[in-house]
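Please open the model in a viewer and keep the sequence panel beside it. The tour below proceeds from one selection to the next.

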Amino acid sequence: MITRSKLVEQLRDYQLRSQHKWAKLTFFSPKPQIITRADVAVALLWALLFTVLLVSTCIAFYFRNFKISVFIICLGILLPVCLKISRQRKLARKRERRLLLPLSM
């Protein structure tokens, strides 16, 4: 049954998704949309980790530690890929939940 509170919640979610306040950080967010401050903090931490990986790769190249630098580059590539996979999985779960809603909505 559709209640007013559910409709208000859906409208609020739509309005929050339409805001592109933290659009740059969604690349580092494990969630599809950044809504709360906790989401912003998590995305900033992932972005900081990625930056640390880039800097450490440059330092390893400078000191000619090629094996370490290749390993760090692999971690740097793996980080955004894993975050993208987690975003896609959450979106897939969200779609499945929407399909379970009654058709009258």
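A residue is called buried when its relative accessible area is under 20%, and exposed when that value is over 50%. The model is predicted, and every value quoted here is computed from it.

**The whole chain**

Begin with the entire chain in cartoon representation. It contains three helices and zero strands, and from the N terminus the order of elements is α-α-α. Aligned along the principal axes, the C-alpha atoms occupy a box of roughly 65 × 25 × 15 Å. The radius of gyration is 19 Å, whereas a compact globule of 105 residues would have a value near 13 Å. Colour by relative accessibility next: 19% of the 105 residues count as buried. The accessible surface amounts to about 8,800 Å², and carbon and sulfur atoms account for 67% of that area. If a contact map is available, consider the contacts between residues at least 6 apart in sequence: 47% of these join residues at least 24 apart.

**Phe28 and its ring partners**

Select Phe28, which is buried because its relative accessible area is 13%. Add Phe50 to the selection; the two rings form a tilted aromatic pair, with 5.5 Å from centre to centre and 45 degrees between the planes. Phe28 belongs to the loop between helix 1 (4-18) and helix 2 (37-62), while Phe50 belongs to helix 2, so the pair ties together parts that are 22 residues apart in sequence. Now include Phe27, which forms one aromatic cluster with Phe28 and Phe50. In total, the structure holds four aromatic pairs.

**Around Phe50**

Keep Phe50 in view and display its surroundings. Which residues does Phe50 contact, leaving aside neighbours within four places in sequence? They are Phe28, Gly76, Leu79 and Pro80. For Leu79, a distance measurement between C-alpha atoms should return 7.5 Å from Phe50, although the two residues are 29 apart in sequence.

**Helix 3**

Select residues 66-99, which make up helix 3. At 1.5 Å a residue, its 34 residues should span 50 Å, and the end C-alpha atoms are 50 Å apart, so the expected and modelled spans agree. Within this helix, highlight the buried residues Ser69, Ile72, Gly76, Leu79, Pro80, Leu83 and Arg87. When inspecting such a set, recall that an α-helix has 3.6 residues a turn, so residues three or four places apart point the same way. Show helix 2 as well, since it is included in what covers the buried residues of helix 3.

**Ser29**

Move to Ser29, in the loop between helix 1 and helix 2. Is Ser29 buried or exposed? Its relative accessible area is 1%, so Ser29 is buried. With residues up to four places away in sequence set aside, Ser29 touches Ile34, Ala43, Leu83 and Arg87. Two of these contacts, Leu83 and Arg87, are listed among the buried residues of helix 3.

**From helix 2 to helix 3**

Finally, centre the view on Arg64, in the loop between helix 2 and helix 3. Its phi is near 60 degrees, a positive value in a residue other than glycine. Most residues other than glycine have a negative phi. Arg64 has 65% relative accessibility and therefore counts as exposed. Select Tyr62 and Phe63 as the last stop; both are exposed.

How values were computed. Residues numbered from 1 in each chain as written. Predicted model: local features only at pLDDT ≥ 70, side-chain atom pairs only at ≥ 80, totals over all residues. Heavy atoms only, no water. Phe/Tyr/Trp six-rings, centres within 6.5 Å; stacked < 30°, edge-to-face > 60°. Helix = DSSP H or I, 4+ residues; strand = E, 2+ residues; numbered from the N terminus. Buried < 20%, exposed > 50% of the residue type's maximum accessible area, 1.4 Å probe, protein only. Expected span 1.5 Å × (residues − 1). Contact = heavy atoms within 4.5 Å. Rg over C-alpha atoms; globule rule 2.2 N^0.38 Å. Areas by Shrake-Rupley, 256 points an atom, 1.4 Å probe, with all protein chains shown as cover.
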